[in-house]
Amino acid sequence: MEPLKLIRSTQLKEKPADNLGFGKYFTDHMFVMDYSTEKGWHSPRIEPFAPIELSPAAMCLHYGQEVFEGLKAYRRDDGGVQLFRPLDNFKRMNISCRRLVIPEFDTGSALEYLLELLRTEKDWVPSQPDSSLYIRPFIISTDPYVGVRPSSSYKFMIILSPSGPYYPSGLNPVDIYVERQYVRSVRGGVGEAKTAGNYAASLLAQSEAGKLNYSQVLWLDGIERKYIEEVGAMNIFFVTDGKVITPELQGSILPGITRRSVIDICKSFGIEVSERRISIDEVTAAHEEGRLEEVFGTGTAAVISPVGSLNYGGKIMEIGGKHIGPLSQRLYDTLTGIQCGKIPDSFSWTVPVC
Ligand code: PLP
Ligand code: COI
């Protein structure tokens with residue numbers, strides 16, 4: 001592992017006191033590492049958070065050859081800081097790299113570099129309830145070239161943002177629009193990679209749904225527009241007849257780390273989760289028959305987000321009287337309890353920072 005160089009900022013920023021929102025503030029330092037064909041990944045460093053220099057011809061700006069991740073550092077009650085499943089994020093990032101023809105990196109070294117960055121920025125980890133330090137690793141292609149081919153140079157960066165809940169409504173249920181016109185991805189595409197283009201492709205549907213006061217869209221499969229995939233920034237779960245179901249990983253949705261954790265927590269509660277194809281008609285029928293007990297999304301930013309209603313073709317399905325359901329609440333308490341160190345981590349998911 002190449003040693004990390006630390007260039008300290010001489011002008012430290014004032015930390016935001018309250019009303020963090022999500023992803024608006026950035027810490028004093030960031031991590032940067034470069035890639036070239038001759039040297040591979042090299043020159044890891046922590047340097048002041050600042051604009052970067054990029055050629056206007058840089059390939060990432062034209063063809064979106066980039067990948068990113070999202071994870072969080074949590075403040076424990078004893079003042080310490082810990083991470084949740086960070087190696088899973090770096091492993092998934094390498095899987096995204098493979099799909100986007102970006103050179104893979106050593107996940108163990110990336111974790112060490114992240115730990116060092118967090119130790120430098122530990123005072124930025126907020127301690128207000130429901131807040132954390134959101135961590136955004138990403139890789140961009142930097143060759144100045146406008147032909148279409150994989151770049152031969154890249155930048156791997158990590159920036160940090162003290163954040164509160166992703167949805168302004170916090171743990172209050174969100175209303176979701178089931179998208180029938182646009183699709184997010186198809187099997188064989190890049191839907192299961194965490195790459196910018198997936199999010200660019202989602203913006204029109206999201207902004208049209210936003211005009212109708214829906215915070216996110218629920219995507220259906222790209223071929224039949226019949227099977228449930230995921231929500232803009234989270235995976236989705238349904239509770240019907242006391243059973244928990246979630247769409248299987250079939251190649252077009254993001255394999256969420258929170259999704260996997262929720263499945264394992266449910267198992268520890270003695271609740272089986274079935275990962276399978278779920279049609280929107282099945283959900284509609286369950287709702288009509290009064291069997292749709294709870295719907296919730298899962299994600300690093302979104303944590304456990306109860307869904308209060310689904311709009312499918314103008315038909316509004318209200319869920320659980322628009323209140324958080326008992327399983328959603330229990331999962332939220334358990335997951336955030338483990339993440340913040342309030343509950344013993346019997347799964348060995350947390351990694352101490354300091
Ligand atoms: N699906 C999409 C499209 C996402 O952007 C995210 C967030 O990262 C998720 C699902 C949830 O994934 P995770 O639980 O790993 O954050
Ligand atoms: C996350 O949950 O980490 C995400 O990346 C979601 C989002 C902000 C795109």
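Start by selecting Gly 341, just after helix α8, and look at its backbone: this glycine takes a positive phi of about 80 degrees. Helices here are DSSP runs of H or I with at least four residues, numbered from the N terminus. You are looking at a predicted model, in which local features need pLDDT of at least 70, side-chain atom pairs count only at pLDDT 80 or more, and totals for chains, interfaces and linings use all residues. Residues are numbered from 1 along each chain as its sequence is written, and side-chain values use heavy atoms, leaving out hydrogens and water.

Now step back and select residues 326–339, which make up α8. At 1.5 Å times one less than the number of residues, these 14 residues should span 20 Å, and the end C-alpha atoms are indeed 20 Å apart.

How much of α8 is buried? Buried means under 20% relative accessible area with a 1.4 Å probe, counting protein chains only. In α8, 10 of the 14 residues are buried, so the helix is largely enclosed by the rest of the structure. Colour some of them, including Leu 327, Tyr 332 and Ile 338.

Next, select ligand 2. Among the residues surrounding ligand 2, with a heavy atom within 4 Å of it, are Phe 68, Arg 136 and Thr 300.

Then pick out three contacts. A polar side-chain atom of Tyr 134 lies 2.6 Å from an oxygen atom of ligand 2. For Lys 194, a polar side-chain atom lies 2.8 Å from a ligand 2 oxygen atom. Ala 301 uses its backbone instead: an N or O atom there lies 2.8 Å from an oxygen atom of ligand 2.

Methods:
Chains are lettered from A and ligands numbered from 1 in the order in which they are written. Helices (H or I, at least four residues) and strands (E, at least two) are DSSP runs, numbered from the N terminus. Buried means under 20% relative accessible area, exposed over 50%, partly exposed in between (1.4 Å probe, protein chains only). A polar contact is a pair of N or O atoms within 3.5 Å; within protein, one must be able to donate a hydrogen and the other to accept it, and residues adjacent in sequence count only if both atoms are side-chain atoms.
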